[in-house]
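Thank you for making room for this on the agenda. I would like to walk you slowly through one structure, so please take a moment to look at it before I begin.

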Amino acid sequence: MTGSETPVVLIVEDEPDVAETYNLWLADDYDVRMAGSGDEGLAELDDEVDVVLLDRMMPGLSGDEVLERIRERGLDCRVAMVTAVEPDFDILEMGFDAYLCKPIRSQQLHETVENLLDRSTYDDLLQEYYSLVEKQATLEATKSSAELADNEEYLELRERVEELESELSDTLGGIDNDEDFIATLRGLGDVEE
């Protein structure tokens with residue numbers, strides 16, 4: 001995405017009313033494309049798409065399969081799963097950038113799209129960090145402490161997040177605490193345009 005172009009958002013949603021609602025919320029700020037199935041979504045997907053809002057459960061090609069194909073193609077777009085499916089530990093293996101549970105509100109959708117557009121300017125290390133933190137937060141919001149403590153993949157995720165925080169802190173010149181770390185990361189999006 002260049003600074004002067006309107007960002008392109010692709011909505012892949014099999015419920016027409018939901019897709020149209022998202023379109024109405026986003027159309028004033030973005031170039032919105034819509035697809036009613038996974039196959040249509042892949043047909044609409046090209047290098048111009050910046051953000052994909054992807055329903056996870058669709059007839060035919062599921063959102064999980066569409067996500068896998070997006071990543072296989074190596075396209076440089078951010079993907080938000082927007083779904084009624086309660087997240088489980090299987091999300092740890094998925095290559096999404098954000099996970100939103102339906103129903104969602106207009107402000108939440110706008111904030112997610114803006115955050116994903118900001119992340120597009122970050123380097124690979126920061127993008128990996130944000131993707132993993134998103135997964136960690138999603139699981140922590142839906143799973144009990146006991147479930148989290150018993151899941152080896154989740155514990156490995158936490159270790160990787162800590163490693164990335166350390167690497168990023170070193171890269172950014174040493175940050176004393178979490179609040180400074182977060183403020184610095186947020187500031188990167190403002191500077192790197």
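Let me start with a single residue: is Tyr 22 buried or exposed? Tyr 22 has a relative accessible area of 5%, and because the cut-off for buried is under 20%, Tyr 22 counts as buried. I should say at once that this is a predicted model, and everything that follows should be heard with that in mind.

Tyr 22 has a ring partner, Trp 25, and the two form a tilted aromatic pair, with 5.9 Å from centre to centre and 40° between the planes. Both residues belong to helix α1, which covers residues 16-26, and they are three residues apart there, about one turn of the helix. Trp 25, for its part, is partly exposed, with a relative accessible area of 26%. Another of the aromatic pairs joins Tyr 129 and Tyr 130, whose ring centres are 5.7 Å apart and whose planes stand at 65°, so this pair is edge-to-face. Tyr 129 is buried at 7% relative accessibility, and Tyr 130 is buried as well, at 18%. The count of aromatic pairs comes to three.

Let me step back to the chain as a whole. It holds eight helices and five strands, and from the N terminus the elements follow the order β-α-β-α-β-α-β-β-α-α-α-α-α. Of its 193 residues, 46% are buried. If we take the contacts between residues at least 6 apart in sequence, 61% of them join residues at least 24 apart.

How are the five strands arranged? They make an open sheet with parallel pairing, in the order β2-β1-β3-β4-β5. At the edges are β2 (31-35) and β5 (98-101), each of which pairs on one side only. On average, and with direction ignored, neighbouring strands of this sheet are turned by 20° against each other. Within the sheet, β3 and β4 are joined in the parallel sense over four bridges, and Leu 54 has Met 81 in β4 as its bridge partner. Helix α3 packs on the sheet, where it touches β3 and β4, and its direction makes about 180° with that of β4.

That brings us to the interior. The largest nonpolar core has 36 residues, and those that touch the most other members are Leu 45, Val 52, Leu 54, Ile 70, Val 79 and Met 81. Two or more residues come from each of β1 (8-12), β3 (49-54), α3 (63-73), β4 (78-83), α5 (124-142) and α7 (152-171). Another core, of 19 residues, lies apart from this one, and its members include Ile 11, Tyr 22, Ala 80 and Val 82. Met 81, when neighbours within four places in sequence are left aside, has contacts that include Leu 54, Leu 67, Met 94, Phe 96 and Leu 100.

Finally, two lysines. The charged end of Lys 135 sits over the ring of Phe 96, 5.3 Å from the ring centre. Lys 143 lies in the loop between α5 and α6 (145-149), and with a relative accessible area of 17% Lys 143 is buried. What does Lys 143 touch, not counting residues up to four places away in sequence? Its contacts there are Pro 87, Asp 88, Phe 89 and Leu 148.

Definitions and conventions
Residues are numbered from 1 along each chain as its sequence is written. This is a predicted model: local features need pLDDT of at least 70, side-chain atom pairs count only at pLDDT 80 or more; totals for chains, interfaces and linings use all residues. Side-chain values use heavy atoms; hydrogens and water are left out. A nonpolar core is a set of buried Ala, Val, Leu, Ile, Met, Phe, Trp, Tyr and Cys residues joined through side-chain atoms within 4.5 Å. Buried means under 20% relative accessible area, exposed over 50%, partly exposed in between (1.4 Å probe, protein chains only). Contact means heavy atoms within 4.5 Å. Two strands pair if DSSP finds at least two bridges between them. Axes are lines fitted to C-alpha atoms, for helices over the stretch in contact, and angles run from 0 to 180 degrees between N-to-C directions. Rings of Phe, Tyr and Trp (its six-membered ring) pair if their centres lie within 6.5 Å; planes under 30 degrees apart count as stacked, over 60 as edge-to-face and the rest as tilted. A charge sits over a ring if NZ of Lys or CZ of Arg is within 6 Å of the ring centre and within 35 degrees of the ring normal.
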